[in-house]
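Reader: I've got this one open in the viewer and would like to talk through how it's packed. Can you take me around it?

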Amino acid sequence: MRIFNTLSGMEEKATSRDGNLRMIICGPTVYDFSHLGHARILLFYDLVARYLILSGKRTTAILNITDIDPKISLRAKEERSSAADISNRFIKELMIDIQSLGINTLCIARTSDYVETAKKIILELCGKKRAYFSNGNIYLDTSSLVSYGKLSQMSREDLVNSRVDIAPGKKNPNDILLWNGIDDFGQKYYDKSLGVGVPWWHMQDASVAMSIFNGLYDMHGGATELVYPHHESLLAQLQVLTSNQRPVKIWNHVGLVSINGKKMSKSLGNIIRIRDLIRKYNSNIIRLYLFSKHYRQPFMFSQSELNKFYSTDETIASALWKEIGSKIPHRRTRLTKEFTSYIENDVNTPAALKLLIETAREGESTADLRYMVRIFGLVY
Ligand SMILES: [Zn+2]
């Protein structure tokens, strides 16, 4: 499969180092219910993983869930609850959404389970003089990182101007916060060398990657808005930790879903929750709608467009019902080859979906249709 790599700006073949294709996907921060934007990411990588597995490639796809974050503590404060109660509650809710969307290819990693690794690798970076203490925080020194900014296509000057994690005592304005020992937002960990604090966002992902894959893997996926500073900082940390300039081969990103031209956000009150969609539509309709757009294309949600997929779902169901006993073909046919070529070409789901719908309408190649339905994760 060829898939777009944000790092090189080109489509590249997704290959494994040793026969097991390893992926990490940035999932939601668990302080609220998951929404349509999350569904798009979850369903897209579920499709990628399912396609690879069904094509006979061993694949390990990890969904990374951030459960250490000031937003979680803020919600806890609002609800007079604890951060642990909030994150536990919304992880449970996320699992319900994942199940109701029929996603079964992603393994969950909760970042708070990897704090011990975070402490260990932060100390290792300090020992190598690649990280430093300043006013209670610890930062990664970015001055010696030659390719820092490449993923987000930012020059040194752009990076200086963008200024992340603003705090006094940093050696360079774009040095990356690894351990936050200053801000007290209700989630605390302790280490005798590091003191009290929390591993910061990008370091949480680095800890998961180091624990599970030794920091070397084939694909990292997530929303486009995560390219900078999140993925740029994660890549920098992994480069130092693994002494490898290309610890992750492909960085892949999924476009934004907006509503009336605006980003979905809690403060604007325009969030479409996965569970509200599931109440009205089934998971097939949601998949069909989201796969009708190319994953890299940002798009605006349209209720009327979504509604159109009711009848598509029925067309597919009735085509399959006509020939209940038909089996997925053992050998590739002309139609399955064509379908596969679209998926192989940067996961072109709109073209693949068009063929799937045509095949359902014609109603003559039910066995081929079953193959397509299975790759799309549709359930009949
Ligand atoms: Zn992440």
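**Core, domains and a covered helix**

Author: Sure, and keep in mind that this is a predicted model. Its largest nonpolar core holds 106 residues, and M23, I25, Y45, I122 and L178 have the most contacts inside it.

Reader: Which helix gives the most to this core?

Author: Look at residues 36-54, which contribute 12 residues to the core. No element gives more, and that stretch is helix α1.

Reader: Why does the core lie between the two domains?

Author: The chain splits into domain 1 (2-258) and domain 2 (303-376). The core lies between them because residues come into it from both domain 1 and domain 2.

Reader: Which element gives the most to the side of domain 1 that touches domain 2?

Author: Nine residues of domain 1 contact eight of domain 2. On the domain 1 side, β1 (2-5) and α1 each give two or more residues. By class, that side has six nonpolar, no polar and three charged residues. With five residues, the top contributor is α1.

Reader: How far apart are the C-alpha centres of the two domains?

Author: Take domain 1 as 2-258 and domain 2 as 303-376. Their C-alpha centres are separated by 35 Å.

Reader: And how many residues of helix α9 are buried?

Author: Helix α9 spans residues 283-291 and is mostly covered. Its buried residues, among them R287 and F291, pack against α1, α3 (83-100), α8 (274-280), α10 (303-322), α12 (349-362) and α13 (366-376). The buried count for α9 is nine of nine.

Key. Residues are numbered from 1 along each chain as its sequence is written. This is a predicted model: local features need pLDDT of at least 70, side-chain atom pairs count only at pLDDT 80 or more; totals for chains, interfaces and linings use all residues. A nonpolar core is a set of buried Ala, Val, Leu, Ile, Met, Phe, Trp, Tyr and Cys residues joined through C-beta atoms within 7 Å. A residue is buried if 20 or more other C-beta atoms lie within 10 Å of its own, exposed if 12 or fewer, and partly exposed in between; C-beta atoms are placed from the backbone. Helices (H or I, at least four residues) and strands (E, at least two) are DSSP runs, numbered from the N terminus. Domain bounds come from an automatic or database domain assignment. Two residues are in contact if their C-beta atoms, placed from the backbone, lie within 7 Å. Ala, Val, Leu, Ile, Met, Phe, Trp, Tyr, Cys and Pro count as nonpolar, Asp, Glu, Lys and Arg as charged, and the others, Gly among them, as polar.
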